Amino acid sequence: MPAEWERVAADARRVLAGNRQRGVSAWEGKRYDFVCPSPTRYPFQWFWDSAFHAIALIHVDPELAKQEIRCLMQGARPDGFIPHMLLWEKSAHDAALREYSITLAHTFYTATIQPPVVARAVLRIHEATGDDGFVREVLPPIRRFFRWLKAYRDPDDDALVAIIQPDESGLDASPKYDSLMQVGYERPEETLPQLRRSMQRLFDAYAPFRADSARIPALDVFTWEDVMVNAIYADGLRCLSKLVAVAGDAPREAFEFEARAARVRRALEEKCWDDRAGVFWDLAGWDEVPAKTLTFSSLFPMIIEDLDPSKAKRLIDEHLLNEREFWLPHPIPSVAATEPSFDPGWRTNTTWRGPTWVNVNWYLYHGLRAHGRGDVARDLAERTVRMLAKGGIREFYDPRTGEGQGARDFGWTTLVLDMIASERGTA
Ligand code: GLC
């Protein structure tokens with residue numbers, strides 16, 4: 001392995017060790033032991049971050065990968081809901097509540113979700129370890145969560161799940177949500193304050209319904225069928241089907257989850273695909289208006305193995321590899337460079353409006369491989385390593401220069417370990 005790859009891998013391992021949080025929480029004396037996204041900016045446990053950390057940890061010590069998931073599952077509620085943030089350490093609460101726009105369901109956890117990456121993470125742990133017992137241990141809350149998503153977040157029963165506020169996708173300030181969030185980009189210094197006001201508007205509208213949260217999507221305040229979330233959901237259902245088969249306790253459920261995965265994939269193809277543009281669009285509101293802002297979300301269904309190959313080909317050849325849109329020197333930008341809202345240098349001081357994120361590169365890297373495009377995947381892995389060698393293990397990067405931005409020593413950027421291992425054929 002070239003020296004640069006060794007250096008980046010060593011740096012990623014250093015971050016995974018340095019970001020570990022361990023202790024006993026004031027929350028019922030529960031013990032916590034997990035990797036946080038950033039000890040200074042994000043000291044808590046986030047749902048999709050932890051799934052990504054678990055995948056990276058497989059390349060350090062699979063036992064730590066299991067520990068990451070076990071800690072996360074302590075947040076699972078009896079009805080199936082799993083919060084997007086577990087705020088384990090009470091002494092860090094005040095600072096966090098001042099800074100983040102979040103709604104708590106409880107002193108120690110939020111009322112909102114994040115994308116269900118967890119099923120993919122557990123399947124990856126099983127593939128690496130063959131530990132059936134671990135699968136049997138963590139499967140019940142994960143299976144309940146996927147049932148919760150169907151019961152609470154698919155009010156129009158079209159197989160696509162809806163999010164009820166932008167950060168439920170994990171893509172907090174993506175410009176694809178601007179129209180519904182009444183946010184603009186013409187004056188970059190205004191974007192963040194506008195977003196904060198808009199989040200408060202959502203919270204106020206939802207407040208009377210929190211105890212009966214199944215009603216919230218029906219309010220149509222921010223009911224959004226997000227292509228990235230649903231691609232991860234479809235992939236997760238397929239992983240879940242395999243995990244249920246490993247656990248061996250409910251054979252019919254394996255077929256059920258597989259069938260549900262196919263339904264989600266079909267719904268994406270039938271409702272979100274735009275054959276003229278050759279991309280998928282999110283659907284906004286109960287009227288399901290296509291949200292035509294070109295972001296990486298529009299390419300995300302390529303992570304679904306059985307996506308129609310002709311669609312995967314168009315996503316890759318017409319858009320991903322398009323040097324005017326996504327194939328910039330340090331791909332993959334969160335927003336296509338052709339969009340007027342594209343903000344690669346972070347002038348709006350808020351996230352997902354242009355910079356490159358490694359969790360996106362990681363997912364699309366595996367999507368490329370699944371669709372027989374190992375050559376493009378390799379190029380993406382090489383460029384990702386180069387970007388980290390230049391910019392450090394940061395939260396996100398300027399896609400034009402590779403300069404690191406946002407938090408330093410950021411957790412999920414260590415997914416580069418999995419890309420390196422895959423390129424070396426050891427994953
Ligand atoms: C930011 C990101 C979100 C992530 C969190 C912790 O809010 O937008 O996706 O989960 O930070 O890293």
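A polar contact is a pair of N or O atoms within 3.5 Å. With that cut-off in mind, this predicted model can be read from its ligand outwards: the ligand sits in the largest pocket, and the protein chain around it is divided into domain 1 (11-127), domain 2 (154-304) and domain 3 (321-427).

**Polar contacts of the ligand**
- In the side chain of Asp49, an N or O atom is 2.6 Å from an oxygen atom of the ligand, which means that this pair falls within the 3.5 Å limit for a polar contact.
- Trp48 places a polar side-chain atom 3.1 Å from a ligand oxygen atom, and for Trp352 the distance between a polar side-chain atom and an oxygen atom of the ligand is 2.9 Å.
- Of the 310 Å² of accessible area that the ligand has on its own, the protein covers 94%.

**The shell around the ligand**
- The residues that surround the ligand are Pro37, Tyr42, Trp46, Trp48, Asp49, Gln114, Gly170, Asp172, Trp352, Phe410 and Trp412.
- Sorted by character, the residues of this shell comprise seven nonpolar, two polar and two charged.

**Domains**
- The ligand lies between domain 1 (11-127) and domain 3 (321-427), because both of these domains give residues to the shell around it.
- Domain 1 and domain 2 have C-alpha centres that lie 22 Å apart, and the contact between them takes 18 residues from domain 1 and 21 residues from domain 2.

Note on methods: Residues are numbered from 1 along each chain as its sequence is written. This is a predicted model: local features need pLDDT of at least 70, side-chain atom pairs count only at pLDDT 80 or more; totals for chains, interfaces and linings use all residues. Side-chain values use heavy atoms; hydrogens and water are left out. A residue is near a molecule or strand if one of its heavy atoms lies within 4 Å of it. A polar contact is a pair of N or O atoms within 3.5 Å; within protein, one must be able to donate a hydrogen and the other to accept it, and residues adjacent in sequence count only if both atoms are side-chain atoms. Accessible areas come from the Shrake-Rupley method with a 1.4 Å probe; for residues, only the protein chains shown count as cover. On a 1 Å grid over the protein atoms alone, a cavity is a set of points where a 1.4 Å probe fits but cannot get out, and a pocket is an open set with protein on both sides within 12 Å along at least five of seven lines; lining residues have an atom within 4 Å of a point. A molecule sits in a cavity or pocket if more than half of its atoms lie within 2 Å of its grid points. Ala, Val, Leu, Ile, Met, Phe, Trp, Tyr, Cys and Pro count as nonpolar, Asp, Glu, Lys and Arg as charged, and the others, Gly among them, as polar. Domain bounds come from an automatic or database domain assignment. Contact means heavy atoms within 4.5 Å.
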